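Please load the model in a viewer and keep the sequence panel open beside it. The tour proceeds by selection, from the whole chain down to individual side chains.

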Amino acid sequence: MLRKVLVSAQVKFTAGRNIAMKVPPHLYEATIQFYRDVLGLKELTKHAPSVGFEFGSNNLWIDRVPGISQAETWLEVVTNDIDAASEHLKAAGVVRCDEIEPLPEGFQAFWVSSPASIIHLVCKDTQTWT
């Protein structure tokens, strides 16, 4: 159960610009086709194995993920203080799930899950994920 905690003046959270859609292999090509050919979204530079699209002021990344049966949406949250953010979320009872996907060496970030099981990448606001 989440605990109500006051957000300290030290830590601030804002929405990141990246949205990741994790898609099972049997739906991957049709999903890419939907965003590219049906909706006509502008494709970003490919970061194999992901394909990205401009999604308003955000980037929508479509990732092919073997072993899942349905699509999942993951969100990015940025913070000014990664250590304070970690402590704040821990105090609030937020589930940390760093094993969900490896992050690049030296990348100041971690994974958490919302109560609705939506995965969030919490990262330092001076970094870029793209």
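The stops below begin with the overall fold and end with single residues.

**The whole chain**

Begin with the entire protein in cartoon representation, bearing in mind that this is a predicted model. The secondary structure comprises 2 helices and 7 strands, and along the sequence these follow the pattern β-α-β-β-β-α-β-β-β. Of the 130 residues in the protein, 38% are buried. Switching to a surface representation shows an accessible area of about 8,000 Å², with 56% of that area belonging to carbon and sulfur atoms. If contacts are drawn between residues at least 6 apart in sequence, 61% of them join residues at least 24 apart.

**The sheet**

Next, select the strands. In what order do the strands of the open sheet lie? The order is E2-E3-E1-E4-E7-E6-E5, and the pairing is mixed. The edge strands are E2 and E5 (95–96), each of which pairs on one side only. In general, strands of a sheet pair through backbone hydrogen bonds, either parallel or antiparallel.

Select strand E1 (residues 13–23) together with E4: the two pair in the antiparallel sense over 7 bridges. To find a point of register, label Ala20, whose bridge partner in E4 is Trp74.

Keep E4 and add strand E7 (residues 119–124). These two strands run parallel and are joined by 5 bridges. Here Glu76 stands opposite Leu121 of E7.

Then move from E7 to strand E6 (residues 109–113), where the pairing is antiparallel and extends over 5 bridges. Ser113 has Ile119 in E7 as its bridge partner.

**The two helices**

With the sheet still displayed, add helix H1 (25–38). H1 lies across E1, E2 and E3, and runs at about 150 degrees to E3. Now add helix H2 (residues 82–91), which lies across E1, E4, E5, E6 and E7. The angle between H2 and E6 is about 20 degrees.

**Salt bridges**

Hide the cartoon if it obstructs the view, and show the charged side chains. In general, side chains of opposite charge can pair when their charged atoms come close. How many salt bridges does the structure hold? There are 5.

Select Asp63 and Lys22, whose side chains meet in a salt bridge with an N to O distance of 2.6 Å. This pair links distant parts of the chain, since Asp63 is in strand E3 and Lys22 in strand E1, 41 residues apart. Are these residues buried or exposed? Asp63 counts as buried because its relative accessible area of 10% is under the 20% cut-off. Lys22, at 4% relative accessibility, is likewise buried.

Turn to Asp37 and Arg36, which form a salt bridge whose closest N and O atoms are 2.9 Å apart. Asp37 is partly exposed at 45% relative accessibility, and Arg36 is partly exposed at 34%.

A further pair to select is Asp98 and Arg96, with the closest N and O atoms of their salt bridge 2.7 Å apart. Relative accessibility is 35% for Asp98 and 41% for Arg96, so Asp98 counts as partly exposed and Arg96 does as well. Finally, add Glu101 to the selection: salt bridges that share partners join Lys22, Asp63 and Glu101 into one network.

**A nonpolar patch**

Return to the surface representation and select Phe34, Val38 and Leu39. These residues form a nonpolar patch on the surface, with about 280 Å² of accessible area together. Within the patch, Leu39 is in the loop between helix H1 and strand E2 (51–55). Leu39 counts as partly exposed, with a relative accessibility of 46%.

**The loop at Ser69**

The last stop is Ser69, in the loop between strand E3 (58–64) and strand E4 (72–79). Why does Ser69 count as exposed? Ser69 does so because its relative accessibility of 62% is over the 50% cut-off. Show the neighbours of Ser69: leaving aside residues up to four places away in sequence, Ser69 touches Pro24 and His26. To check the spacing, draw a distance between the C-alpha atoms of Ser69 and Pro25, which are 44 residues apart along the chain and separated by 8.8 Å.

Note on methods:
Residues numbered from 1 in each chain as written. Predicted model: local features only at pLDDT ≥ 70, side-chain atom pairs only at ≥ 80, totals over all residues. Heavy atoms only, no water. Helix = DSSP H or I, 4+ residues; strand = E, 2+ residues; numbered from the N terminus. Buried < 20%, exposed > 50% of the residue type's maximum accessible area, 1.4 Å probe, protein only. Contact = heavy atoms within 4.5 Å. Patch = residues over 30% accessible without salt bridge, like charges linked within 9 Å, V, L, I, M, F, W, Y side chains within 5 Å. Areas by Shrake-Rupley, 256 points an atom, 1.4 Å probe, with all protein chains shown as cover. Salt bridge = Lys/Arg side-chain N within 4 Å of Asp/Glu carboxyl O. Pairing = 2+ DSSP bridges. Axes fitted to C-alpha atoms, helices over the stretch in contact; angles between N-to-C directions.
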